[in-house]
Amino acid sequence: MPAAGPDGIPTETPDQHGAYPRLTPEQLDALARYGEYRPTRRGEVLFREGEPCEEFLAIVSGMVEVIHDYGGPGRRTVAVHGPGRFLGELGLLEGQPAFDTAVVREPGQVLAVPVERQRALVVRDPVLGDLVLRAYLGRRSLLIGLGAGFRILGSCYSPNTLRLREFAARNRLPHRWIDLEKDKEAEALLRRFGIRPDETPVVIWKGEQVLRNPSIADLARLIGLPTSAHDDGAYDLVVIGAGPAGLAAAVYGSSDGLVTVAVDAIATGGQAATSSRIENYLGFPSGISGGELMERSVLQARKFGAQLTVPAEVTSLEPRDGRYALTFADGSEIQAATIVLASGVRYRRLDVPGIDRLGGARVYYAATLHEANLCRMDPVAVVGGGNSAGQAVLFLAEYAPKVYLIVRSGDLGKDMSRYLVDQVTRHPKVEVLTHTEVRQVSGEGILQSLTVEDNASGDRRELPARALFVFIGARPHTEWLKDVVALDRRGFVLTGADARAAADENIWESLGRGPLMLETTMPGVFAAGDVRSGSVKRVASAAGEGAMAVRLVHEHRAQEGNLVRGPGVSEPRSVPGQSVSWRRPSSGWRPGAALRSWLAPAGGLGLAYVSRRLSRTEAGFAAVTSDRGD
């Protein structure tokens, strides 16, 4: 919190990790062409917590204080901005309500630019766009660390509390958890809002609005997340899953003029968003957190006009009148010409004595900033020998005093990239236990210790771990697809040549072709990323397959005799600052103008050419993408 000056007004907050940069006079002049100057008066509220903010505000003169819980008992200053600074955070770009309140402390002048105009300028000015995006990403991380936003009041032993906390953490939403069992503030809040203990968990928003044991959809609607696709129209492309593969498909589909929606049952970003650090993703030599990479992808998809809907769980998929009908868990329905299945995988649960009795308390399957903040004073254990486990260990070691890495095999380098092995084994806070398995978890209502066994010698020991992070492999999220498309014996979706071998040959004979490279046993339904059988389980590979799937969508739609008949693709969407066009090709596929502009710096190497080269054989594609992973 910034210190107060001699007149009691807080002084300007210093820049932290690029979260509070200043605009140059040239950048202010560029913004001025899209907005208007507006005088401010002391005490004026520029935007308020819980309400939408539709303007990008840059400070020309004066000073503005950003406050959490303005007017409430938990009031505190988050930041103070002076001339050259700008207000807002990531929610401004994503259409969410404000998580804090901005109040003028020294009168002056602001430059107000409507958000849509500011977005258009950002598209044309990449330097300004990157400056704003980096600041907003940094501010979102700071808000999460400060516990700003809404409050979740519930018991650490409650599965419903865990469900709400997991949703908030996975969607990178600023919030604060108040433990009903331990937090002194809990009793006062129960009395203040007249909440009975059996009505918990509750969500408190804006210091006054209370949701008692809400569903995930209720919480999403409260904070402005879109929870359903539009059921009054049909889409050119529906992407099921919003991880790296799904977001890549949404970006490439929408940038080329397809009316596109991506839906996910839990959160945008998928499992990749839970990675604390990805150090070998191309183009980020110093590494990037999975959360930041996925946030950038979400903003990129929205920039091109893609609709992103969370939470929205698809429960059925069936052909209907030359299109595909999708039904959601809430009973709503939409139709699409083509589908990309990118629902990814879910981490396997650890099955050991005592874990069910704890009800999941202090047992996690992701290592985000939220979980890390709960472990600042306690030793923790990580189970797993892959890259996800290694990344989690290094991240948690920045917070916890001791981290045990429990690995079943005797070779840490068997499934973990060498760069991670070197960092993990050298870290002074980390103890690696190879040939070791968890045999029991112990604790009264909350995890207190683990019993582990050396599977080579049979010796057992007890570890004083207060939290357990599990990364022991994953299973595909395809239960709802087992009677829809062909799956392999492990539940992954078959595509290409494998799909043809598993499908009714009459389907493909009637179409006059075989399944395309990423196509399933249903024409026009493609699979990309971790959910696909034979895929390389890496972020870069998943993103590549998502982009490839859209190229194949165009090929499918351009050919005669496919499931979807008619004149071809729909009219392109207009995107602020972009010129997107499409014409039905006479032969092959032609990228739209937006995508052609992206490919121009590559010396004219078109995506169609790359796709033709890669689609010669599935083995060739696997060879290209088989990097040692994130």
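Biologist: Let's start with a pair of helices: is the crossing of helix 11 and helix 12 left-handed or right-handed?

Modeller: Keep in mind that this is a predicted model. In it, the axes of helix 11 (residues 387–396) and helix 12 (residues 418–426) come within 10 Å, and they cross at roughly 35°. The hand of that crossing is left-handed.

Biologist: And which residues in helix 12 does helix 11 meet?

Modeller: The contact is a mix of five nonpolar and four polar residues, with no charged ones. From helix 11 come Asn387, Gly390, Gln391, Val393 and Leu394. Their partners in helix 12 are Tyr419, Leu420, Gln423 and Val424.

Biologist: How many residues of helix 11 are buried?

Modeller: Buried here means under 20% relative accessible area. Asn387 passes that test, and so do Ala389, Gly390, Gln391, Ala392, Val393, Leu394, Phe395 and Leu396. Helix 12 is part of the cover, along with others including helix 10 (369–373), strand 18 (380–383) and strand 24 (467–470). Of the 10 residues in helix 11, the number buried is nine.

Biologist: Let's step back to the whole protein: what percentage of its residues is buried?

Modeller: The protein holds 18 helices and 26 strands. Take contacts between residues at least 6 apart in sequence: 68% of these join residues at least 24 apart. Out of 630 residues, the buried part is 56%.

Biologist: Back to helix pairs. At roughly what angle do the axes of helix 8 and helix 15 cross?

Modeller: Helix 8 covers residues 244–255 and helix 15 covers residues 539–558. Their crossing is right-handed, and their axes come within 7 Å. The angle is roughly 35°.

Biologist: How many residues of the contact of helix 8 with helix 15 are nonpolar?

Modeller: Helix 8 brings Pro244, Ala245, Ala248, Ala249, Tyr252 and Gly253, while helix 15 brings Val539, Ala542, Ala543, Gly546, Ala547 and Val550. None of these residues is charged, and two are polar. The nonpolar count is 10.

Biologist: Now for empty space. Which strand gives the most to the lining of the largest cavity?

Modeller: The whole structure has five cavities of 30 Å³ or more, and the largest holds about 250 Å³ of space. Its lining has 19 residues, with Phe47, Val66, Gly88, Glu89 and Leu143 closest to the centre. Helix 2 (90–94) and helix 4 (126–146) are among the elements that each supply at least two lining residues. The top contribution, three residues, comes from strand 4.

Biologist: How many of the residues lining the largest cavity are nonpolar?

Modeller: Set aside three charged residues and four polar ones. The nonpolar part of the lining is 12.

Biologist: What about the second largest cavity: which helix gives the largest share of its lining?

Modeller: That cavity has a volume of about 140 Å³ and is lined by 14 residues, with Glu94, Asn171, Leu225, Thr268 and Arg302 nearest its centre. The lining divides into six nonpolar, four polar and four charged residues. Strand 12 (307–309) supplies at least two of the lining residues. The largest share, three residues, belongs to helix 9.

Notes
Residues are numbered from 1 along each chain as its sequence is written. This is a predicted model: local features need pLDDT of at least 70, side-chain atom pairs count only at pLDDT 80 or more; totals for chains, interfaces and linings use all residues. Side-chain values use heavy atoms; hydrogens and water are left out. On a 1 Å grid over the protein atoms alone, a cavity is a set of points where a 1.4 Å probe fits but cannot get out, and a pocket is an open set with protein on both sides within 12 Å along at least five of seven lines; lining residues have an atom within 4 Å of a point. Grid points are joined across faces, edges and corners, and a volume is the space filled by probe spheres set on the points. Helices (H or I, at least four residues) and strands (E, at least two) are DSSP runs, numbered from the N terminus. Ala, Val, Leu, Ile, Met, Phe, Trp, Tyr, Cys and Pro count as nonpolar, Asp, Glu, Lys and Arg as charged, and the others, Gly among them, as polar. Axes are lines fitted to C-alpha atoms, for helices over the stretch in contact, and angles run from 0 to 180 degrees between N-to-C directions. A crossing is left-handed if the near helix is turned anticlockwise from the far one by less than a right angle, and right-handed if clockwise. Contact means heavy atoms within 4.5 Å. Buried means under 20% relative accessible area, exposed over 50%, partly exposed in between (1.4 Å probe, protein chains only).
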